[in-house]
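Visitor: I have not looked at this structure before. Could you take me through it by question and answer?

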Amino acid sequence: MMPTTSATRVTLRAEDIGKAFMSGKVRTPVLDGLSLSVRAGELTLISGPSGCGKSTLLAILSGLQRVDTGRVFALDQRLDDLDPRALERFRLLHTGFVFQGFNLFPALTAREQVELPLHYLGVPRREARERAARSLEEVGLAHRMALRPAELSGGEKQRVAIARALSKEPALLFADEPTSALDAASGQIVIDMLHRIARVHGTTVLCVSHDPRLIGHADRVLSMEDGRILNDRRETTPGVPTEGLVP
Amino acid sequence: MVALARKTLVHEWRRFLPAILAVGFAGLLQLLQAALVLGIFSSASIYVTGSAADLWVGYPGTQSVSLGRSIDPNVEGRLLMDPAVERVEPFLWVDADWRGQSGTGGESVYVSGVDPRPDGLVFARVLPPALRMRLREPDAVIVDQADMDKLGVRVGDSATINSYRVRVVGASSGLRALGGVNVVASLDTARVLDTDPADRDRPTYLVARLHDPAAADAVARRISGARGFDRYEVWTASAFARRSVLYWMLDTGAGAGVLFLAGVVFVVGAIITSQTLVAAVAGSVREYATLNALGVGMRALRWVVLEQATWVGVCGLLCASVFGAALLALARGQDVPVVLDVPVALACAVLTMGLTTVSGLAAIRSLRHADPASLLR
C-alpha cells in the first residue's frame with residue numbers, strides 16, 4: 001500500500017493551457033489560460049455543465065489530445081512535446097481509463113478483457129492471468145470472471161472496465177462520466193471503488209462528471225464553466241477504508 | 001496472448017459470414033474456372049498425356065502437337081544410339097478430310113498414325129491392346145465413341161478420308177479433340193492417307209521411352225541439336241504437353257479470358273470482403289479506441305484487423321475447398337472435362353488469400369476513426 005506521504009505529491013500539472021476547436025472557419029476556444037495541479041492518492045472530480053471543457057481538460061491531462069498553448073506535465077514528464085508514438089507508450093505504462101460506455105469486446109470474457117492490455121504491456125501470459133484475476137477480485141467480480149459482457153449488468157461491466165484499467169497498475173487513472181450510464185446503486189459502488197483505488201494504491205484518480213451524486217465522494221472538487229475553473233474546494237470526506245475496494 | 005481476432009470472429013460469426021462467403025465464392029469461382037479451362041484444353045495434349053513416351057522429338061519450335069511438321073526419319077538412329085533410350089517409335093499426324101456414309105458432308109479430322117503393336121507407345125493409355133491390334137487390318141481406323149454421330153458412322157461402317165476408303169474397326173473413349181475429330185490409324189494406313197508429297201516417308205514426331213523416365217530432362221538436353229540431320233527439337237513429355245495446352249489457351253484467347261475473369265472475381269470478392277471487414281472494424285471502433293487510450297499502439301491494432309482478415313480468408317478457403325471438391329467430383333461423374341493439379345489449386349489459394357489481405361488493408365483504414373479522444377463525451 002502506498003505511504004500517505006506520497007498523497008501530497010503533484011502528479012498532473014497544467015500551466016496556462018489553451019485549446020480551441022475549429023468548426024469550418026469558426027474557431028471556438030474551449031480552454032483558455034487554465035492552470036491546475038492534481039495530486040496523487042486522491043480522487044479529484046471535475047464537475048460542470050456539458051460543454052464547459054471538462055472532457056477536453058481530461059483528454060489533455062491524459063495525453064489523448066494536444067494543447068494549442070501552454071505546458072502539460074504528467075509524472076514530471078512533459079506531455080505536450082511527445083510524438084504520438086511516445087504518447088501511446090506513456091499511456092501504456094502509466095495510465096488507466098474508465099469511460100462512460102464500458103467499451104468491452106463482446107467476444108471476450110471478463111478475465112480476457114482485463115488480460116488483453118497486459119499482453120501489450122509485455123506481461124508474461126501466466127502473470128497476466130493472475131493479475132487479471134486479482135484485479136477482478138478487487139472489484140468484487142471474482143465469481144463473474146468467465147462471463148462475457150452480454151451476461152453482465154451495467155454496473156458489473158463498468159467494474160470490469162475498472163479492473164481492466166487497474167490491472168495495469170497505473171499511476172494515473174482517468175474516468176469520464178463513469179456513473180452516467182448506471183443506476184444509483186451501481187453508480188455508488190463505482191465511485192466508491194474509484195475513491196478507494198486512490199487511497200489504497202496511491203493512484204491519481206481524475207474523474208470528470210456532471211453527476212451531483214459524486215461530489216460527496218471526491219477528495220477535491222473543481223467546478224468548471226466556460227473553459228475556466230471557477231471553484232476549487234477540498235471535501236472533508238468521512239474515513240474511507242483503506243483495505244479492499246468492495247464495501 | 002488473448003486471441004482477440006479469432007475470438008471475435010467466432011463470437012460474431014454472423015457479422016463475418018458475408019465476408020467468409022464472399023471469399024469462399026471467389027475461391028470457388030477461381031478454382032472451378034481453372035479446372036474447367038484446364039480440363040477443356042488438356043485435350044490438346046491428349047496425344048502426349050495419353051502416351052507412354054518420355055521424350056518427343058519434332059520440328060523445331062512446334063507450339064502444339066497439332067502443328068507438327070515432318071522431320072528427318074534418320075534422327076531415330078541418333079536416339080537409339082543414346083544408351084538411356086529404350087525404344088523409339090514414329091508418330092504420324094495427318095490433317096485430313098472425312099466423308100461418312102450418311103451424308104454428313106465433309107468433316108475435318110486429325111489422323112494419328114500409330115504403331116499398332118499391343119505395346120506401342122503412342123496412345124498406350126487410351127487404346128487397350130486388343131483395340132489397338134485391330135489397326136493392323138488394312139485401311140482400319142478407330143474413332144472416338146463421342147464423335148460417332150458427328151462422323152455419321154458406327155463400328156463396321158466404311159467412310160473415306162482424303163478420298164481413300166477406310167473402315168471403322170473400333171471405338172475409343174476419352175480421345176475427343178479440340179477443334180476437330182481424332183481418328184487413329186496404323187502408321188501404314190496413315191502414310192497412305194497423307195497426300196502431301198513433302199511428308200513422304202517422314203514422321204511428324206519420333207517418341208522415345210527411356211530406361212529411367214526421371215532422366216528425361218538430361219537426355220532431352222543431350223540429344224538436342226545433333227549435327228548431320230535436318231533440324232529437330234527434343235522435349236520431355238510433360239514439357240510438350242504443357243506447351244500444347246498453353247498454345248491453345250493463348251491462341252484461342254481463353255488464357256486472357258481466364259485472367260480477365262480471375263481479375264473480376266478478385267475485385268468483386270475484395271470489395272465485398274473489405275466492406276464486411278470495414279463494418280466489423282467500425283462495430284468495434286470504440287473498443288479499439290479504448291485499447292488505444294490504454295496505450296495499445298495503432299500498429300498492434302492494425303495487426304488485429306489483418307489477422308481477422310486472414311482468418312476470414314482461411315475459413316473462406318475451407319468452404320471453397322469443400323464445395324470445390326464436391327463440385328469437381330460431380331463434374332467428373334457427368335463427363336464434364338475438369339482437371340486440377342496442385343500448382344493451380346495453390347495459385348487459386350494464393351490469389352484468394354491475396355484478396356483477403358487487400359480487403360484487410362482496406363479495412364485498416366477505418367481504424368483511423370478509433371480516436372480515443374472521441375470516447376470522451
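Visitor: Which residues of chain B does the UniProt annotation "domain: ABC3 transporter permease C-terminal" cover?
Guide: This is a predicted model, and the domain name comes from an unreviewed UniProt entry. Over the span in question, chain B is 81% helix and 0% strand, with its end C-alpha atoms 43 Å apart. The annotation covers residues 260-372 of chain B.

Visitor: Which residues of chain B does the UniProt annotation "transmembrane region" cover?
Guide: This annotation, too, is from an unreviewed entry. One of the spans, residues 16-41, is 100% helix, and its end C-alpha atoms lie 37 Å apart. Another, residues 245-271, is 93% helix and 0% strand, with 33 Å between its end C-alpha atoms. In full, the record lists residues 16-41, 245-271, 309-330 and 342-364 of chain B.

Visitor: What is the radius of gyration of chain B?
Guide: The C-alpha trace of chain B spans about 95 × 50 × 30 Å along its principal axes, and the chain has 13 helices and nine strands. For 377 residues, a compact globule would come to near 21 Å. The radius of gyration of chain B is instead 29 Å.

Visitor: And what is the radius of gyration of chain A?
Guide: Chain A holds six helices and ten strands, and its C-alpha atoms fill a box of roughly 50 × 40 × 40 Å. A compact globule of 247 residues would be near 18 Å. Chain A agrees with that value, at 18 Å.

Visitor: How many residues does each chain give to the contact?
Guide: The area buried between chain A and chain B is about 2,700 Å², and carbon and sulfur atoms give 66% of it. In chain A, the residues that lose the most area to chain B are A:N103, A:F105 and A:Y120, together 23% of what that side buries. The contact takes 32 residues from chain A and 27 residues from chain B.

Visitor: Which residues meet in a salt bridge across the interface of chain A and chain B?
Guide: Side chains of opposite charge can pair when their charged atoms come close. Across this interface the rule finds one salt bridge, and it also finds eight residue pairs in polar contact. The salt bridge, at 2.2 Å from N to O, joins B:K7 and A:E112.

Visitor: Which element gives the largest share of the side of chain A that touches chain B?
Guide: The elements of chain A that give two or more residues to this side are α1 (54-61), α2 (84-94), β6 (95-98) and α3 (110-120). By class, the side has 14 nonpolar, seven polar and eleven charged residues. The largest share, six residues, comes from α3(A).

Visitor: Which parts of chain A does the salt bridge of A:R71 and A:E15 tie together?
Guide: Over all chains, the structure holds 25 salt bridges. In one of them the side chains of A:R71 and A:E15 meet at 3.0 Å, N to O. A:R71 lies in residues 69-74 and A:E15 in residues 10-23, so the pair ties together parts that are 56 residues apart in sequence: strand β4 and strand β1 of chain A.

How values were computed: Residues numbered from 1 in each chain as written. Chains lettered and ligands numbered in written order. Predicted model: local features only at pLDDT ≥ 70, side-chain atom pairs only at ≥ 80, totals over all residues. Heavy atoms only, no water. Contact = heavy atoms within 4.5 Å. Buried area = accessible area lost by both parts, 1.4 Å probe. Salt bridge = Lys/Arg side-chain N within 4 Å of Asp/Glu carboxyl O. Polar contact = N/O pair within 3.5 Å; in protein donor to acceptor, adjacent residues only side chain to side chain. Helix = DSSP H or I, 4+ residues; strand = E, 2+ residues; numbered from the N terminus. Nonpolar A, V, L, I, M, F, W, Y, C, P; charged D, E, K, R; others polar. UniProt positions renumbered as here; feature names shortened; annotations may be inferred. Rg over C-alpha atoms; globule rule 2.2 N^0.38 Å.
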